[in-house]
Amino acid sequence: MRNTRTMIAVLATLIITYTAVLLLLPADPSIVQRFSLSSFQLILLKLSVVIPIALIWAAAFYGSVLMSNYSAKISATKEGKAYRKIALGLQILAIGSPFISISSNLLRYWATMHPDTLASTQILTHYLQLGVAAAAFYYIYCGAELLKQLTRKNPSAWVHAVTGLALALLTGIFCLITLNRTSGSVVVSSGQAVYYLPDWLIVASIIIPYAYVWHWGAKAAMYVHFYRLKVAGLIYRNAFNMLASGIGVVMLSSIATQYFTALGVTTRMQLQPLLIVIYLLLTLMAIGYILIALGSKRLQKIEDV
Amino acid sequence: MTPANNPLYTQVVDVTMSYLGPAAERFISRQIETHLKKNPEDLVVEDLEILVDWIKVAIALLTEDQRIVDDFTKSLMALAENSPAS
């Protein structure tokens, strides 16, 4: 219960802080000019992002709190340690997303006021995103691996092969897009660079780490799904199915967000398609978090009746 | 006597495993302690009818599939028919 109250307080603080940052800080003049927005349109645009984002964060917090409470309840059991790690990963995701949103807005404003710091602030924002994703997916992966070990079995070789192939394909495309669209220098022909790093450093500190993070995420989704197939109990399995699906969808939306950034679309697209892309990604994330919340709730209910 | 040494309790947990998996033993222990007001290792055949009634209510809260509820309770009642009275 104390954990729930703490998380609600943290969520409320983050939403209020994000809303204040978004509404009170002046917008990037280049964006206002590029999309020809009036002051009123700008406020509407900001609110149209704040409200669904706040709902997604609430769903993420809700899911992570339920998982955390469930893992505490079964802490003395064989699967308790696994759930605790998964819950910790989900909490890092839940807290990390608003933290990054607030930080990136503050850094963007700082860069607007001090243009010579643009590259530094962009680099810091990307590493913050990478750090949160790495920490979250690492713990979720560790917890999922513990669950897999409980089955005393392993997924078949072809499942490993298909997962590996899919990851290799995704990473290859990400590598191609990132190195093709970005530059170690400041500006590419289409507009602003994305990472402001030399290519070798992009490969070493962005592409390879993200590939490893997605590897953790894919393995976590695979192991959680495998546990769901092998674990005994019709009712228990149905509850776990939602959790497995949710983790997979959240991972996909995280990868999609990175692709979106790598394309540097924010510097090229018109406003309407840009909003469509943003809302599609937000919807995907919301679906994932809701599935995690529903799965956690069903698992919790089994322990409460 | 520990719960694991009570054959009837072990059989009830084994049946429940098909529905609740790793949560089975916790679930059964909780139903016995809460509704029968006794330790799980003290479960006897005469308790089964009341226990099954409570389990039926609890499982109905966890699934909307009435077949699962009916199959589960039938399997548990079969234990009462097959077990010698204590």
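Hi everyone. A quick definition before we start: helices and strands here are runs assigned by DSSP, with at least four residues for a helix and at least two for a strand. With that in hand, chain A has nine helices and two strands. Please keep in mind that what you see above is a predicted model.

Let's walk along chain A. In sequence order, its pattern reads α-α-α-α-α-α-β-β-α-α-α, so to speak the two strands come as neighbours in that list. Turning to burial, 47% of the 305 residues of chain A count as buried. As for contacts in chain A between residues at least 6 apart in sequence, 79% of them join residues at least 24 apart. The surface that chain A exposes is about 14600 Å², and carbon and sulfur atoms supply 68% of that area.

Now for chain B. What does its secondary structure come to? Four helices and zero strands. Following the sequence, you would read α-α-α-α. The radius of gyration of chain B is 12 Å, close to the 12 Å that the globule rule gives for 86 residues, so chain B is as compact as a globular protein of that length. If you want to picture the dimensions, the C-alpha trace of chain B spans about 35 × 25 × 20 Å along its principal axes.

How many of the 86 residues of chain B count as buried? The share is 47%. Taking contacts in chain B between residues at least 6 apart in sequence, 55% join residues at least 24 apart. Its accessible surface comes to about 4600 Å², and 53% of this belongs to carbon and sulfur atoms. Chain B also carries 7 positive and 14 negative charges, and the mean positions of these two groups are 5 Å apart.

Next, the inside. In soluble globular proteins, nonpolar side chains tend to be buried together. In our model, the largest nonpolar core has 100 residues. Which of them touch the most other members? They are A:Y83, A:Y236, B:L20 and B:I59, which come from chain A and chain B. Helix α7 of chain A, residues 199–230, gives the most to this core, with 14 residues.

Let's finish by zooming in on B:I59. Which residues does B:I59 touch, leaving aside those up to four places away in sequence? On the chain A side there is A:I235. From chain B come B:L20, B:F27, B:V69 and B:F72. Notice that B:L20 turns up again here: it was listed with B:I59 among the core residues that touch the most other members.

Try finding B:I59 in the structure above, then look for A:I235 and B:L20, two of the residues it touches. Thanks for listening!

Definitions and conventions:
Residues numbered from 1 in each chain as written. Chains lettered and ligands numbered in written order. Predicted model: local features only at pLDDT ≥ 70, side-chain atom pairs only at ≥ 80, totals over all residues. Heavy atoms only, no water. Rg over C-alpha atoms; globule rule 2.2 N^0.38 Å. Buried < 20%, exposed > 50% of the residue type's maximum accessible area, 1.4 Å probe, protein only. Contact = heavy atoms within 4.5 Å. Areas by Shrake-Rupley, 256 points an atom, 1.4 Å probe, with all protein chains shown as cover. Lys, Arg positive; Asp, Glu negative; His and termini not counted. Charge placed at Lys NZ, Arg CZ, Asp CG, Glu CD. Core = buried A, V, L, I, M, F, W, Y, C linked by side-chain atoms within 4.5 Å.
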